[in-house]
Each structure stands twice: as C-alpha cells, then as structure tokens.
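Me: Pick one loop in this model and walk me through it closely, then follow the thread into the parts around it. Keep it casual, but spell out your cut-offs.

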Amino acid sequence: MVTVDAARLSRRGVLAGGAAAATLPAAARAAPAAELDIPLWPDDILAERVRPPMPIDPKLPARYHPVVNVTRPVITPYRPARPNGAGIITCAGGGYVLVGRSPGPPNWLADRGYWVFDLLYRLPGGGWRAGPDASLQDVQQAIRLVRARAAAFGVDPARIGVAGFSAGGHIAASAATRFADDLQPPSNALASVSARPDFALLACPVITMTEPHRHGASTKALFGAMPSADQAASHSAELRVTPRTPPCFLAHSASDRVVSPQNSILMFSALRAVGVAAELHIFDGGGHDMGQGFKPGTPVSAWPELFIQWLARSGFAAPGANARG
C-alpha cells in the first residue's frame, strides 16, 4: 500500500481515477497547465492529529493509492488563457476514503475562461480534530484563500463558486449550505473572510445522510457507522438549505446505481422551496461517472455545456467570455 502526502504530488496534480475522470476533446486537453500547489494552512495549524488515521482498505483499486492519505491539503490553480473573471474550486469524489483527482474538469473549465482551483482535501478518517468536518474545513479555507487573493488572480471576489462530483458533491453542497458554521481554528488569519460560495455545481452528488437514499460508503467514512439523528440532520445538505444558499446547478444520471438520483432531487426541491435559483438535469443513462459528460454521444454528454450556459445566464461569466479562442 502506497500513500502520498500532497507535498509529493506532481506540479499538475494529475492523478488517475475518481468520479470526475474524463476523456476530453482536444481543445480541452490543450488548456494551460496547472500551476504550483498552494497550501491551505500554515504547517502549525494542522500539525496535530487527535487520533491515528483509520486503516486503509487494501481492496481499493491500485490507481487510488496515491491519494488516500492526505496530510497537507492544497489547491492546484489552473490558469485560463482567456479569463472571464470567475473562479471555481473543484472537489473530486472518492467516497470520503480517497480523493480521485483528475485533470479533466479543471482543464475543461479553464479552457472556457474560468480560473480553477482543484482542491486536495483531508479525509474524515485521517484522525483530524475536525473529524467528519475536515473536508468541509478545507473547502471553506480554499474559498477564503481564493477570495482573499482575488486581485492577484484577477478574479471577482463575488464570482467564486464550488464544483463537486459524487462525495465531492457533498463537500460542495456542504460549502453552499454550512458556510456560517464556525469550523476555523482561532489562529486562522483568513477567518474573517467570507466562506460562502457564490454558486455551486453538484454533479452526481451525495446529498443526504438519511434513509433510504443515503450513500452508505460515504456515511460509513464520515461517521464510522450509522449516523445518529443529529449527525444525519446536520450533514444532510438538503436539510441545511436556507434562502442564503447560493444558486445551484445539479446534474445526475437516472441509471446511477452508486448515488441515487434522489439525492439531487431532494436538494433541488429544498432549494426551490426557499426560493433559491436552481437548475436540475437528470439524464437517461450514463451511470455514476459524470465525467462521461465529456464523451460525445453518451446520454449525459449535454451537461457540461448546459452548466456553462447556466453560468452565463446567471451572471457568473463576462458576456462572450466562455467562447474558446
């Protein structure tokens, strides 16, 4: 079994596997390379684990091994050739037991003008003081960091969103609904910066921790067993929606046998119930891997462009900035 700290990742942060993996068209593969990783935290803040990390399942596919033990969370920036002034923090999936990063979605979004910050987040079984909220703590810090450095990146601080796939969708949905939860260490210099994302993409997302539609593997990774009623309520994104939740775009496959499409339906219904702008697409076929949306001719191949169109209509891209040059 091989585990790799984030500090040892390649400059591009390109690792195979995960629910966001994709086969990209040539234009997307030609997107600018990722830049140097940016650590989320000073070393002293996260130096202490309160308990040993949980054992790693030896049955995990070998392609996942490099990202099962994250001790140094980072964001990997992807610089667009023609920036439109918006930024997106991407959260790969992996059932909360690994981070299945892929260059697919970051390159594809950067090719359409978005600054992309691919998040390598800590996992709940890592023994961290934040426990099941370690990943949320990291995405909140990523949003704060990008917002605090918005001028340096050339990003509008009011156009910073999150995008999540599978369990990464739960992280993104939690960022969109729990931004007011105080999870930051007292010594965090960015604690006063808003952690609220301005929009969210939730693709084949884990949303609920309640029966009958919860994702069993993610639930087990977060809580070690069946969550208590309080845990289920606090970590079910559809139950945390308020009128301040940012606009959301949701995409799911009706044939997804890993994460029930009812997760997206629950989230969409909760958003609409309080008047939050939301768009939901459920496609016939495609399974769980929404990365298939990059493959022409597959049932879910329409969702990436639908998302780009939604961003433009919602005011999160400068007019004409999504066109490839």
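**A loop and its surroundings**

Reply: Start with tyrosine 96, which sits in the loop between S3 and H2. Those labels are DSSP runs counted from the N terminus: H or I over at least four residues for helices, E over at least two for strands. Bear in mind that this is a predicted model, where local features need pLDDT of at least 70 and side-chain atom pairs pLDDT 80 or more, while totals for chains, interfaces and linings use all residues. Numbering runs from 1 along each chain as its sequence is written, and side-chain values use heavy atoms, with hydrogens and water left out.

Now the backbone. Tyrosine 96 isn't a glycine, yet has a positive phi of about 65 degrees. For background, most residues other than glycine have a negative phi, and most peptide bonds are trans. Tyrosine 96 is also buried, at 5% relative accessible area; buried means under 20%, exposed over 50% and partly exposed in between, using a 1.4 Å probe and protein chains only.

Cysteine 204, in the loop between S6 and H6, tells a similar tale: not a glycine, but with a positive phi of about 40 degrees. Its relative accessible area is 0%, so cysteine 204 is buried. That loop between S6 and H6 (216-223) also holds proline 212, and the peptide bond from glutamate 211 to proline 212 is cis, with omega near 5 degrees.

The elements S3, H2 and S6 turn up again around helix H9 (residues 303-313). Its buried residues are Trp303, Pro304, Phe307, Ile308, Trp310 and Leu311. They lie on the same side of H9, because they span an arc of only 160 degrees around the axis, taken from the directions from the helix axis to the C-beta atoms. Their cover includes S3 (87-91), H2 (104-111), S5 (160-165), S6 (200-203), S7 (248-253) and S8 (278-283), where contact means heavy atoms within 4.5 Å. Just past H9, glycine 315 takes a positive phi of about 85 degrees.

Zooming out, the protein chain has nine helices and eight strands. Buried residues account for 58% of its 325 residues. Of the contacts between residues at least 6 apart in sequence, 81% join residues at least 24 apart.
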